[in-house]
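Work through the exercises below with the model open. Each task is followed by a solution in steps.

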Amino acid sequence: MKCKTSIMLSALALGIIVFSFSGYCQVSDPSLLTLERIFSGNEFSSEYFGPAKWIDNGNGYTTLESSPSHPGFRDIVRYESASDEQEILVSAAALIPQGQAQPLQISNYSWSPDKSRLLIYTNTARVWRQNTRGDYWVLNLADKSLTKLGGKDARPSTLMFAKFSPDNQYVGYVREHNIFVEKLSTGKITQLTFDGSTDIINGTFDWVYEEEFGIRDGFRWSPDSRSIAFWQLDAGGIRDFYMINNTDSIYSFLIPVQYPKVGMDNSACKVGVVGIDAGAITWMQVPGDPRDNYIARMDWANNATELIIQRLNRKQNQNQVMLCNSKSGEVTTIYTDKNDAWVDVVNDLYWLSNGKKFTWVSEKDGWRHVYTISRDGKDVKSITPWEMDIISIQSIHEASGWLYFIASPENGTQRYLYRSRLNGKGQPVRLSPADMPGTHSYQLSPDTKWAFHTYSNANTPPKISLVNLPKHKHISTKAGNASLIEKVSELKRHDVEFFEVEVEDGVKLDGFMLKPYNFDPSKKYPVLFYVYGEPAGQTVLDRWGWSNYLWHTMLTQQGYIIISLDNRGTPSPKGSAWRKVVYGSLGVMSSQDQANGLKAIMKQHDFVDPDRIGIWGWSGGGSMTLNMLFRYPDLYKTGMSVAPVSNQLLYDNIYQERYMGLPWENKEGYKNGSPVTYAKNLKGNLLLVHGTGDDNVHYQNTEVLINELVKHNKIFSLMSYPNRSHGIYERPNTSRHLREILTHYLKNNLPAGPK
């Protein structure tokens, strides 16, 4: 009965959509955008470059390029960094397996340490977010032999994370939750773990570790190539969440996902070391309940006898750095980072001084700073002592004494490359050009003399080039996107305008605004806010926005103003207090900031029509959209919420507990932060969109919200996409159809054009 009610509501509001789509795609004027142009073709596609791999310490690099001899396939081409001279190093023709007519399609590749062999990753399959399962082939450059790893009986697309040993003799990989090594000279395969199953996961991770800690590859070769360190997760304590597939067979079937929701048990996690001869596993004797702590990072500690791990407590407000003896399993805690809110896992850990110290990133003094810590943890020194956030370390060149990092101390919407002295003396120097405001990213060579540089801003698609550092001298263009830039330049549009708006004394939010190309300040326009608002990301960034930007620009051409604000709690480089002030109250302060930002904008700009204010967002932005409609029903008239978390207790524990604390310690915070608590206040127009196969934010969230809206007799609209995941892109035409739904709903509930 509940399902029928939902379907009826959807049909009432959206039933004419199928008859209206053509109205949004039949424009041939190149200066005007349509959904067909944006989502149904390659007209606005970007040029492709890479993946590129530095070789010879940066003197050269390899990349993939279309093969002249085998159209549709790619050669591996080597370039000299200084001269840009090129040669085909491995042609597509060299990658044709015996008995096959076509070359391998290269998804990725890697070189053995001595560059004598090439590892090809192909025939890939998706595991949760990414294609991390597939087939691996090894090309011997000396005799041109091409060998598939895994043995003759290996099922297709079952190997994961294959990588060469440091001594060039073996390749290690994961298959069906067990770890194997294969000797390259003989093809002998040795299985190192034997208990892999649905519940026992060796060398890779369960759903929540991958999603929230960003780790997929779960094993590490020792520097001497004699052993492998690996994670093992026992997911037996995690309850299955069931998704249901109703469309791919005449009988529905269940899809179980081991998913720990807020307050529920986690996988038990431990780290082991095993020799390549498949001897006994030595387990690291990490103290504490393995289901109540997280081992979020692990690697060899600059030698073949010790590991270094980062262990977070469940509340994630403490990160313990531990050294582990790989032979005995003995563990010593050498450093502990703490915060009253939460601490972040450190990705930028580099060993210095032949392993006597390592780099660490912490917010303990109010800024995200880089420290060096001695191997015993007793000597801790800040090497970036200025009042600015270090967003990420790009490289360290110890011989010359330089630290390279991304920062943007003067503008939280932009990103630039800096360098500073490793000894902490002097001031940081910006290397990104002063006449190129926007967002810069880099892939530095090992010697830090070269970099692949990607640059864009909010109005200009990205360009990729090879540059020489530190002077940032342009060497060559790798992806100029001239065609895309020309097409964008033809569009009727105003440049994105960035601004600040004060919401409290001394508290200013970054924002951007897109106006119609024929904007008339004497008239009033409808405004659509684009929102995210959670600690996982920003929306107000001075970088190219791809299809979102094009869709927003299309809406401005039809008479809408688009605005986005980054409230407190988003990861802007404005200091720790800005980011962590929302701890324990996600959804509350962020909603207040968004509402106060809207009020301030309406006071400043007479062209904003207070009777036509809309808002939309996806995932956390979908949750924020609900919060704004329910908490401030007199401000926002229309909202479009895609894949929202309606009740924070329904999301995964690692993410939600990090920012909200434990549910039994913050019961009111979880209640007050959840949109469903305020659903009874809905006054405006609400469209809910969700994929029923969403393994991240479960469709359950929308069903729970539907029940609450029905309970209070609130009329809304619903669009469900069968078996689509959180990105709602699978199956033909889905991405365009979703934007058709959003565009149609917006135009029918928030009339376009000036008044």
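**Exercise 1. Describe the second largest pocket: its volume, its centre and its lining.**

Step 1. The second largest pocket has a volume of about 810 Å³. A pocket here is an open set of points on a 1 Å grid over the protein atoms alone, with protein on both sides within 12 Å along at least five of seven lines, and a lining residue has an atom within 4 Å of a point. Grid points are joined across faces, edges and corners, and the volume is the space filled by probe spheres set on them.

Step 2. The lining has 33 residues, and Arg126, Val127, Trp128, Arg133 and Pro256 are the closest to the pocket centre.

Step 3. At least two lining residues come from each of β6 (117-127), β7 (130-140), β9 (159-164), α3 (207-213), β16 (240-245) and β17 (253-258). The top contributor is β17, with four residues. Helices (H or I, at least four residues) and strands (E, at least two) are DSSP runs, numbered from the N terminus.

Step 4. By class, the lining of this pocket has eleven nonpolar, ten polar and twelve charged residues. Ala, Val, Leu, Ile, Met, Phe, Trp, Tyr, Cys and Pro count as nonpolar, Asp, Glu, Lys and Arg as charged, and the others, Gly among them, as polar.

The model is predicted: local features need pLDDT of at least 70 and side-chain atom pairs pLDDT 80 or more, while totals for chains, interfaces and linings use all residues. Residues are numbered from 1 along each chain as its sequence is written, and side-chain values use heavy atoms, with hydrogens and water left out.

**Exercise 2. Find the largest cavity and classify its lining.**

Step 1. One cavity of 30 Å³ or more turns up in a search of the whole structure. A cavity is a set of grid points where a 1.4 Å probe fits but cannot get out.

Step 2. The volume of the largest cavity is about 40 Å³.

Step 3. Its lining includes Gly533, Glu534, Pro535, Asn567, Arg568 and Met624. The lining divides into four nonpolar, five polar and two charged residues.

**Exercise 3. In which order do the strands β20, β21, β22 and β23 lie in their sheet?**

Step 1. The four strands form an open, antiparallel sheet in the order β20-β21-β22-β23. Two strands pair if DSSP finds at least two bridges between them.

Step 2. β20 (293-300) and β23 (331-338) are the edge strands, each pairing on one side only.

Step 3. β20 pairs with β21 (residues 306-313) over seven bridges, in the antiparallel sense. Tryptophan 300 stands opposite leucine 307 in β21.

**Exercise 4. Describe the hairpin of β36 and β37.**

Step 1. β36 (residues 497-504) and β37 (residues 507-514) are antiparallel and share seven bridges.

Step 2. Glutamate 504 has valine 507 in β37 as its bridge partner.

Step 3. Two residues lie between the strands, and glycine 506 takes a positive phi near 80°.

**Exercise 5. Which parts of the chain does the aromatic pair of tryptophan 386 and phenylalanine 405 tie together?**

Step 1. The structure has 32 aromatic pairs. Rings of Phe, Tyr and Trp (its six-membered ring) pair if their centres lie within 6.5 Å; planes under 30 degrees apart count as stacked, over 60 as edge-to-face and the rest as tilted.

Step 2. Tryptophan 386 and phenylalanine 405 are stacked, at 6.4 Å centre to centre and 20° between the planes.

Step 3. Tryptophan 386 lies in the loop between β27 (380-382) and β28 (392-397) and phenylalanine 405 in β29 (residues 402-407), so the pair ties together parts 19 residues apart in sequence.
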